[in-house]
Each structure stands twice: as structure tokens, then as C-alpha cells.
Amino acid sequence: MRELNFPEFRFRFKSTENKIYIFDEIRKKFFLLTPEEWVRQHVLHYFLYIKNYTRSYINVEKAVKINGLNKRYDLVLHNSNGTIHILVECKEPNVKITQQTFDQIARYNGVLQADYLMVTNGLEHYYCKLDYKNETYHFLNDIP
């Protein structure tokens, strides 16, 4: 897999029937190693091992109902009171981050109401803080 704009992490892999799988430490099982899963696992390890978030506050690929349709977000990090602290949208490295990507995470956040949003393709990362009171957002250099 392609090198990403993250620190180097140690991952667990397995190979079955000529396919490579990567272990997800939150979901506690192996998943097919696709380019998007590669990015998702880097983001997950970033929050676990660089930002030191508690595992029990992290959800990976859970369903959310958007306009009556079942969708799946990539990652959510919760606050200790159960509200959503960070909503993350991952794209594979060859997918350019566009307005469509931001529209997608905005639709998810219309339901989830996170404090912060992160959009990444593993090479470029965008972070923003939401201000619901003033209906604005502010781009940041990193997630606190």
C-alpha cells in the first residue's frame, strides 16, 4: 500500500486466498485491505497512539440514518458524556478532497452534531471546529 501522510504505525495483517486483510483494533477483526481501509486504519491509529484517545470512546463504520437512507460513517470519537467530539470522513488516497466530500460529511453531521470534523484521503487532512451558535466553522491545523 501507498505511504500516507501519517506517522509510521505497526499493523497486523493476514493473507487469505491471495487477499490481504488488516486488523481493526476497535472492531476486533480483520478487514479486506482496500485503499480506503488503509487510510481509515491510519486515522484510527493516529487517534489511539498519537492523540491518546480512549478506545471505548471510538466507533468505526457505524450506521447512521440520513434522509431515510442508511449510511455509514468512517469514525466517530465521543466525549465522556456520549456526545460526538469528532466525525471523520476517509477517502482513498487517489480520491481528491472536493466540495462533494465536505457536503457528504456535512450531511452526516446534520444528524450527528460533532464538535469537530476531519476529512482525509491519507495525504491531505482537513480539520474544522463547528460553532453551532453562530452557524460558522473554523479550519484548524490539527484536531485538539
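This is a short walk through one predicted model, starting with its sheet and then moving to the helices and the cores.

Okay, the sheet. What order do the six strands take? They run β4-β7-β8-β9-β10-β11, in an open sheet with mixed pairing. At the edges sit β4 and β11, the latter covering 136–140, and each of these pairs on one side only. From one strand to the next, the twist averages 20 degrees.

Let's look at how some of those strands pair up. As a reminder, sheet strands pair through backbone hydrogen bonds, in either the parallel or the antiparallel sense. β7 and β8 are antiparallel, with four bridges joining them. If you want landmarks on screen, find Val 76 opposite Leu 87 in β8, and Leu 77 opposite Ile 86 in β8. These two strands make a hairpin with five residues between them, and Gly 82 in the turn has a positive phi of about 95 degrees. β8 and β9, on the other hand, pair in the parallel sense, over five bridges. The landmark there is Glu 89, which stands opposite Val 119 in β9.

Now, how many of the seven residues of β8 are buried? Seven of the seven, so β8 is largely enclosed by the rest of the structure.

On to the helices that pack on this sheet. α1 touches β4, β7, β8 and β9, and its direction makes about 150 degrees with that of β8. Then there's α2, residues 99–112, which touches β7, β8, β9, β10 and β11. The angle between the directions of α2 and β8 is also about 150 degrees.

Let me stay on α2 for a bit. It has 14 residues and reaches 19 Å from first C-alpha to last, close to the 20 Å expected at 1.5 Å a residue. Which of its residues are buried? That would be Thr 101, Gln 104, Ile 105, Tyr 108, Asn 109 and Leu 112. Those buried residues are on the same side of α2, because they cover an arc of only 130 degrees around the axis. What they pack against is β5, β6, β7, β8, β9 and β10. Flip to the face turned away from the buried side and you'll find the exposed residues Gln 99, Gln 100 and Gly 110. And just after the helix, Gln 113 takes a positive phi of about 60 degrees.

Let's zoom in on one of those buried positions, Thr 101 in α2. Its relative accessibility is 4%, and anything under 20% counts as buried, so Thr 101 qualifies. Leaving aside neighbours within four places in sequence, Thr 101 is in contact with Glu 89, Lys 91, Lys 96 and Val 119. You'll remember Glu 89 and Val 119 as the residues standing opposite each other across β8 and β9.

Next, the β5 and β6 pair. Four bridges join these two strands, which run antiparallel. They form a hairpin with two residues between them, and in the turn Asn 67 has a positive phi of about 50 degrees. Lys 65 stands opposite Asn 70 in β6.

What does Val 64 in β5 touch? Setting aside neighbours within four places in sequence, its contacts are Leu 69, Asn 70, Lys 71, Tyr 73, Val 111 and Leu 112. At 7% relative accessibility, Val 64 counts as buried. Val 64 and Leu 112 are 48 residues apart along the chain, yet their C-alpha atoms are separated by 8.3 Å.

Last topic, the nonpolar cores. The largest has 26 residues, and those with the most contacts inside it are Val 43, Phe 47, Ile 58, Leu 75, Ile 86 and Val 88. Where does that core come from? α1, β4, β7, β8 and β9 each supply at least two residues. The biggest contribution is from α1, at seven residues.

Phe 47 is a nice place to park the view. Not counting residues up to four places away in sequence, Phe 47 touches Asn 52, Tyr 53, Leu 77, Ile 86, Val 88, Met 118 and Ile 143. Apart from that largest core lies another one, of 15 residues, including Leu 87, Leu 112, Val 119 and Cys 128. We've met Leu 112 already, among the buried residues of α2 and as a contact of Val 64.

That's it from me.

Definitions and conventions: Residues are numbered from 1 along each chain as its sequence is written. This is a predicted model: local features need pLDDT of at least 70, side-chain atom pairs count only at pLDDT 80 or more; totals for chains, interfaces and linings use all residues. Side-chain values use heavy atoms; hydrogens and water are left out. A nonpolar core is a set of buried Ala, Val, Leu, Ile, Met, Phe, Trp, Tyr and Cys residues joined through side-chain atoms within 4.5 Å. Buried means under 20% relative accessible area, exposed over 50%, partly exposed in between (1.4 Å probe, protein chains only). Contact means heavy atoms within 4.5 Å. Two strands pair if DSSP finds at least two bridges between them. Axes are lines fitted to C-alpha atoms, for helices over the stretch in contact, and angles run from 0 to 180 degrees between N-to-C directions. The expected span of a helix is 1.5 Å times one less than its number of residues. The arc is that of the directions from the helix axis to the C-beta atoms.
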